[in-house]
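Dear colleague,

I am handing over the structure shown below. My notes on what was found in it follow.

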Amino acid sequence: MNSQSQQQQQGKQKNREEEEEEENHLLHSECESIPLSSPHVLPSNWEHADKEEEEEEEKDSVYAAKDKVQIFDLESSGAAGSTAVPPFSWRKLWLFTGPGLLMSVAFLDPGNLEGDLQAGAIAGYSLLWLLMWSTIMGLVIQLLSARLGVATGRHLAELCREEYSNWARLVLWILAEMALIAADIQEVIGSAIAFKILSHGLIPIWAGVVITATDCFFFLFLENYGVRKLEGVFAVFIGTMGLSFAWMFFDTNPSEEELMMGLLIPRLSSKTLRQAVEIVGCVITPHNVFLHSALVQSRDIDIRNKGQVQEALNYYSIESSVALLVTLLINLSVITVFARVFYGTEQANGIGLVNAGQYLEERYGGGLFPILYIWGIGLLAAGQSSTITGTYAGQFITEGFLKLNIKKWLRALITRSCAIVPTMICAIVFNTSESSLDTLNEWLNVVQAIQIPFALIPLLTLVSKEEVMGTFRIGPIVEKVAWSVAVLVIMVYGYMLLDFFLEEVDGVLFGFVVCLGAAAWISFIVYLVQHSGAIPSLMTRSPNSRGFFSLSGN
């Protein structure tokens, strides 16, 4: 029996070999009969086509493959369709750490610091609870932005280009650029004020603007030595801010009891309403929503491997949460310092970035480390770091909406020039008094307030779509929470715009123009919401999508 079965197996094996030989012969004959001009047949042409496809994908990617941080090795990466998530690793968390640092800088830019110091001086400790909850809302938005970038392998501006019609994406791009320029003006002028403080007035504002614009290219040049080097520079900037404002915090010795009450007990009055709106407005910025979805692509992640995508989302969630906790502590320090020193004083209503250091020095004098210079160092670190991320965001926004495949240094030059020219004009025109700079800052906040719905609504539209996100679209509970946060933020910004224009509108013509602009703003918001299909989706969707960390479909 054994010998018969062996003979049968050998016969089957021989037949298979003969069939394979016949198939190879037929294939060889067919290949010989096809002319050499046919481009998609021969293996060498297939390889050439594959190389061209890879090159095209690399052009579309915001980070070249060689520049990405390698985290997953071949042995542990698993198959393309794998859903397994390995155990937590401190090493991988360290390798994923970086994009959250760059993103968190927008929570610490000079505009934020000015909002913090004015909130502390005018409202005391009463708005600390709002700072905490605003930071949590900002974290929700930034996690969704990171989720979009990781799951799709593309950033928000690129996806908006594909999602919306020509006229809509053009409007979105123009508004995003306007908001970015407004934020960049605040950041560059903040750095220029820091240079003026640290040089004892020897460096004027316009010269500080030029220095900031120039050294921005130097720091961006560090990316040529690896994205981790640039992330290290940002860690130094944030550490410098943390040390500077922590020094001021312990030097002024604020009340611990009032601090805890301010964090835990919500308080709001008509006198502090404007400061409350500014706190929310400073934390959630439109260009940062675009930025974070691009920064997360600096890690080499195979989006076909669901396990890798989910693991990346887990680590980015931890990293972003820690980064924003640090920004919360820094912002909290600034508010409490100015609440301790200036709340209830005559200087409270007139304090700003320019004179804050002088007022602090008058109260606390010089000493071994004068508080004026500590404030200047912290402000300089905030301005320099936020200026670099602003340039980064400008590159991603311009390239994403317009699909410009140009060299990185040229993109940086174009986006920096778009910001530096209006900044120089503003520095010269508004550098006549402290009140004129405050007026400029209010108008810049208005420009950013106009843009915020047009960053949040496209983001929520895309992360809710299964055809965009696949199985990583957000679940119904997260979707409702996210839309609630977006509506709240848009209402806060809307109130800021209404309050500002009610004070500034003077004359029939200006009032007519403002009304037309308001009608267009509301109409575009309605269009985006209708395009998203959010209202019926929120009412009818079944809970069968992934949450932030869920791996199962249910």
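**Two loop residues**

Asn253 sits in the loop that joins helix 11 (227-252) to helix 12 (256-264). This is a predicted model, and the values in this email are computed from it. Asn253 is not a glycine, yet its phi is positive, about 55°. At 56% relative accessibility, Asn253 is above the 50% cut-off, so Asn253 counts as exposed.

His200 is a second case. The phi of His200 is near 60°, again a positive value in a residue other than glycine. His200 belongs to the loop between helix 9 and helix 10 (205-221). Is His200 buried or exposed? With 62% relative accessibility, His200 counts as exposed.

**The protein as a whole**

The protein has 24 helices and zero strands. It has 554 residues, and buried residues make up 52% of them. Among contacts with a separation of 6 or more, 84% are between residues 24 or more positions apart.

**The nonpolar core**

The largest nonpolar core has 153 residues. Met248, Phe338, Leu360 and Trp375 are the residues with the most contacts inside this core. Helix 15 (residues 306-342) gives the largest share of the core, 16 residues.

What does Met248 touch, if residues up to four places away in sequence are not counted? The list is Val337, Phe338, Leu360, Ile371, Ile374 and Trp375. Three of the names in that list, Phe338, Leu360 and Trp375, are also among the residues with the most contacts inside the core.

Ile330 is another residue of helix 15. Its relative accessible area is 5%, under the 20% cut-off, so Ile330 is buried. Outside the residues up to four places away in sequence, Ile330 touches Leu108, Ile238, Met241, Gly242 and Phe245. Ile330 and Phe107 are 223 residues apart in sequence, but their C-alpha atoms are 9.8 Å or less apart, at 9.6 Å.

**Helix 6 and helix 13**

Helix 6 (residues 110-123) has 14 residues. From first C-alpha to last, helix 6 reaches 19 Å, close to the 20 Å expected at 1.5 Å a residue. Helix 6 is mostly covered, with 13 of its 14 residues buried. After helix 6 comes Gly124, whose phi is positive, near 65°.

Helix 13 (residues 273-283) includes Gln275. Which residues does Gln275 touch, not counting those up to four places away in sequence? They are Gln118, Ala119, Ile122 and Leu127. Gln118, Ala119 and Ile122 fall within the range of helix 6, residues 110-123. Gln275 has a relative accessible area of 7%, so it counts as buried.

Val283 is also found in helix 13. Val283 is buried too, with a relative accessible area of 3%. Its contacts, leaving aside neighbours within four places in sequence, are Phe107, Asn112, Leu131, Ser134 and Thr135. Val283 and Leu328 are 45 residues apart in sequence and 9.8 Å apart in space, C-alpha to C-alpha.

**Helix 20**

How many of the eleven residues of helix 20 (residues 453-463) are buried? The count is eleven of eleven, and helix 20 is described as mostly covered. The buried residues include Pro453, Phe454, Pro458, Thr461 and Val463.

**The second largest pocket**

The second largest pocket has a volume of about 630 Å³. It is lined by 23 residues, and those closest to its centre are Ile450, Val514, Gly517, Ala518 and Trp521. Helix 9 (166-198), helix 19 (434-451), helix 22 (476-504) and helix 23 (508-532) are the elements that each give two or more residues to the lining. Which of them gives the largest share? Helix 23 does, with nine residues. By class, the lining has 21 nonpolar, two polar and no charged residues.

Regards

Notes. Residues are numbered from 1 along each chain as its sequence is written. This is a predicted model: local features need pLDDT of at least 70, side-chain atom pairs count only at pLDDT 80 or more; totals for chains, interfaces and linings use all residues. Side-chain values use heavy atoms; hydrogens and water are left out. On a 1 Å grid over the protein atoms alone, a cavity is a set of points where a 1.4 Å probe fits but cannot get out, and a pocket is an open set with protein on both sides within 12 Å along at least five of seven lines; lining residues have an atom within 4 Å of a point. Grid points are joined across faces, edges and corners, and a volume is the space filled by probe spheres set on the points. Helices (H or I, at least four residues) and strands (E, at least two) are DSSP runs, numbered from the N terminus. Ala, Val, Leu, Ile, Met, Phe, Trp, Tyr, Cys and Pro count as nonpolar, Asp, Glu, Lys and Arg as charged, and the others, Gly among them, as polar. A nonpolar core is a set of buried Ala, Val, Leu, Ile, Met, Phe, Trp, Tyr and Cys residues joined through side-chain atoms within 4.5 Å. Buried means under 20% relative accessible area, exposed over 50%, partly exposed in between (1.4 Å probe, protein chains only). Contact means heavy atoms within 4.5 Å. The expected span of a helix is 1.5 Å times one less than its number of residues.
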